[in-house]
Amino acid sequence: MKRHPVIIVIGAISAAALLGAFILLLWKGPWWADGSQFGRGLTPGEGAVVTGFRTTIVAFGAGILAAGSLAYTHLNHKQSRESFTQSQKNFTEQAELTRESLRQSERNSAQQAETSREGQVTERYVSAIHLIASDNQTEQLGGIYSLERIMRDSTKDHDTVVEVLAAFIRQHAKIDPGRATSSDPVQAALDVLARRPEREEPFDIDLRRTVLAGCTIKNADLRKVNLHMADLTDVAFQECDLSFSNITQANLLRCRFSKCTLTQTELDYSEIAGTSFLSGAADQLSAVSTTFTDCRFANIDLNHAFFESAIFHNVKFRGSNLDRADFGDACLFKTNFSPRANLTLNLLLGAHIFQSTILPKALQGNPEIEARVRRVEEEWDDMRHAHSSDSGRTA
């Protein structure tokens, strides 16, 4: 910043005045201070006094000059420091503005990339939907695997893809008297659901009233799946988690559950024939009023299983844990409990046990069990005789 000319002139005049006053004081000062003591000619003593006075004046002036220099230097240093501080502040503000600009640019770039990616996903999704809606099985398979890729790439679209695949299975796995097994696209959709990424899903997979005959499902997470009234003829479940699933009123003919988890799974009111339950866990399995025919339970944990009012015909329990299983009002006909079935008397107190049932040696000959067997056989004979009499009267 330029100084005002008037201030510069005043400063110059003041400096000149001060210099003149100093010179005048140096010249006339000794006489002004002590001139009455001097004669016309200066003696050596008087000369020494004059010299000492002038030396003092010079020293005083030098001190004033040095103090002024120090003050000027201090002021310059202070001004330089303030200028440096202001420069740093300006630099910091500019750097922050630059960083914010870069962050905004990054956000804009990320938003543009996300918008572009979502647009691509949408295009792929629409294309996949067109493919699975085709009548050509090859195109259906392409659409199913395209949906799998979308599901893996986009977490946001995971739930939508799962529900679309479930809807595809429900639509294409309907009852068809002319078809013995499910189609390849249905099997492919099941495979994709089986190997879907493990993510939280706010819904149950809906496969109600589907016909999955002949399908093989491996290593699938089917927790809470809804298979109500489904036809599972010849379906093989291998190392699947079916915990908390609804398989009520379903048809399980010649199924195979191998190393599956059936914790709190509901099999109520189902028809199960020729089916094997091999290894795995089925804690608190519910099979109320379910009919088991020619079935096999081997090395499976049935702790706290519910078999109330179930019918067992030619069923084998081999090496299975039946601790606290409930057979209340169940009908046991040609049922074979191996010695390792962990069966106790209390579990059978409410069951209808026929003579054809083989119990563990620990329960064979038990008076209470034998009395129950005799009573059941007598009731069965009475029912058969009554039925024969009714049939004769009708004829």
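Visitor: Which residues lie nearest the centre of the largest pocket, and how many line it?

Guide: A pocket is an open set of 1 Å grid points, over protein atoms alone, where a 1.4 Å probe fits, with protein on both sides within 12 Å along at least five of seven lines; lining residues have an atom within 4 Å of a point. Here, 11 residues line the largest pocket, and Leu18, Leu19, Phe22, Gly61 and Ile64 lie nearest its centre. The model is predicted: local features need pLDDT of at least 70 and side-chain atom pairs 80 or more, while totals for chains, interfaces and linings use all residues. Numbering starts from 1 along each chain as its sequence is written, and side-chain values use heavy atoms, without hydrogens or water.

Visitor: Which helix gives the most to that lining?

Guide: Helices are DSSP runs (H or I, at least four residues), numbered from the N terminus. α2 gives the most to the largest pocket, 7 residues. Both α1 (5–34) and α2 (44–132) supply at least two.

Visitor: How many charged residues line the largest pocket, and how many the second largest?

Guide: Asp, Glu, Lys and Arg count as charged; Ala, Val, Leu, Ile, Met, Phe, Trp, Tyr, Cys and Pro as nonpolar; the others, Gly among them, as polar. The largest pocket's lining has no charged residues, with 8 nonpolar and 3 polar. The second largest pocket has 9 charged, 4 nonpolar and no polar. Of its 13 lining residues, Arg196, Arg199, Glu201, Asp221 and Arg223 lie nearest the centre.

Visitor: Which residues of α3 meet α4?

Guide: Contact means heavy atoms within 4.5 Å. Gln140, Ile144, Leu147, Ile150 and Met151 of α3 meet α4 residues including Val161, Leu165 and Phe168. This contact has 9 nonpolar, 3 polar and no charged residues.
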